[in-house]
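Reader: I've never read a model like this before. Could you walk me through it?
Author: Sure, let's take a look together.

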There are 2 protein chains.
Amino acid sequence: MSKQQAPLPVVDLNADAPCCPPLAQRRVPAETAAVLAPAFKALGDPVRLQLMSMIASAEDGEACVCDLTPAFDLTGPTISHHLRTLREAGLVDAERRGTWVYYRARPQILRQLAALLSIEPGAAAKA
Amino acid sequence: MSKQQAPLPVVDLNADAPCCPPLAQRRVPAETAAVLAPAFKALGDPVRLQLMSMIASAEDGEACVCDLTPAFDLTGPTISHHLRTLREAGLVDAERRGTWVYYRARPQILRQLAALLSIEPGAAAKA
DNA sequence: CGCCTGTCTTGACGTTCGTCGAATCAAAGA
DNA sequence: TCTTTGATTCGACGAACGTCAAGACAGGCG
């Protein structure tokens, strides 16, 4: 079971269109919350938030671990662990090319999370 | 110490305009990450994500604890604890009116988080 | 082949988190 | 005033998290 990981009840996190209406528009169902919460949780650590930003804002859309690690006062294994967390949350994708490993962001998921948090002017912000 | 809580090193989480450019546009600085990560972390629990949605999507922009609690298979203290977490993350606001306590969402912060995750078409999503 | 560099995995440690039961505080009514 | 109802705080417990040191794996180069 080391090659096949737990089969997250994955929703269409890969879908390109937002999976659900804004959080402030309709109440988020339990199943949706169970799927999306881990993504927010993955972003809920300062190191991972910076890692995510460094990867997503990288020149060619991808960043090498060798560039990410020295940006923090943390050991390699720790950075690797955080990157794995981001990967398991579906936020990034990893690819090995020769000696180095490159991480790439998955814009679809960021879009979905952003859509969930978005607030149309005049929705519930009236009080 | 029961009435004055820890004084979070609050940044302009109350500002109405987005505090920072999208995560995928410019690298998020450590200080910004330290401030915004707790907000994502607070949303990183399925119960809190649903609570946030129930509050933000409520009729008059506010929800009574007495309406929130029975929606979960959790005890009152546990729901109260989650609400406190949301409050300390700056995501909601609490107000007592008579017997009941009402929670209201802070749309500005949701907007900021959404802006941080937003991706302009053609930013880093090219690979 | 053997060594070196880069990355990931493993095992362990202390801390934080999610949950509950019991106790406490706040407001309304008898 | 005393009781009742709603919400929070306190104390405790097991589970998960963030971190590291040490070891294992992968690929390039002598």
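Reader: Which residues come nearest to DNA strand C?
Author: A residue is near a strand if its C-beta atom, placed from the backbone, lies within 6 Å of it. Here 26 residues surround DNA strand C, and Cys66(A), Pro77(A), Pro77(B), Thr78(B) and Gly98(B) come nearest. Keep in mind that this is a predicted model: local features need pLDDT of at least 70, side-chain atom pairs count only at pLDDT 80 or more, and totals for chains, interfaces and linings use all residues. Residues are numbered from 1 along each chain as its sequence is written, while chains are lettered from A and ligands numbered from 1 in the order in which they are written.

Reader: Which elements give two or more residues to that surface near DNA strand C?
Author: Helices (H or I, at least four residues) and strands (E, at least two) are DSSP runs, numbered from the N terminus. Chain A brings α3 (65–68), α4 (76–88) and β3 (100–105), and chain B brings α4 (76–88). The largest share, 6 residues, is from α4(A).

Reader: And how do the two chains, A and B, fit on each other?
Author: Copies are superposed by least squares on the C-alpha atoms of residues with pLDDT of at least 70 in both. A turn of 180 degrees and a shift of 0.0 Å along the axis lay chain B on chain A with an RMSD of 0.0 Å. The two copies are therefore related as by a two-fold rotation axis.

Reader: How many residues does the contact take from each chain?
Author: Two residues are in contact if their C-beta atoms, placed from the backbone, lie within 7 Å. The contact takes 42 residues from chain B and 42 from chain A.
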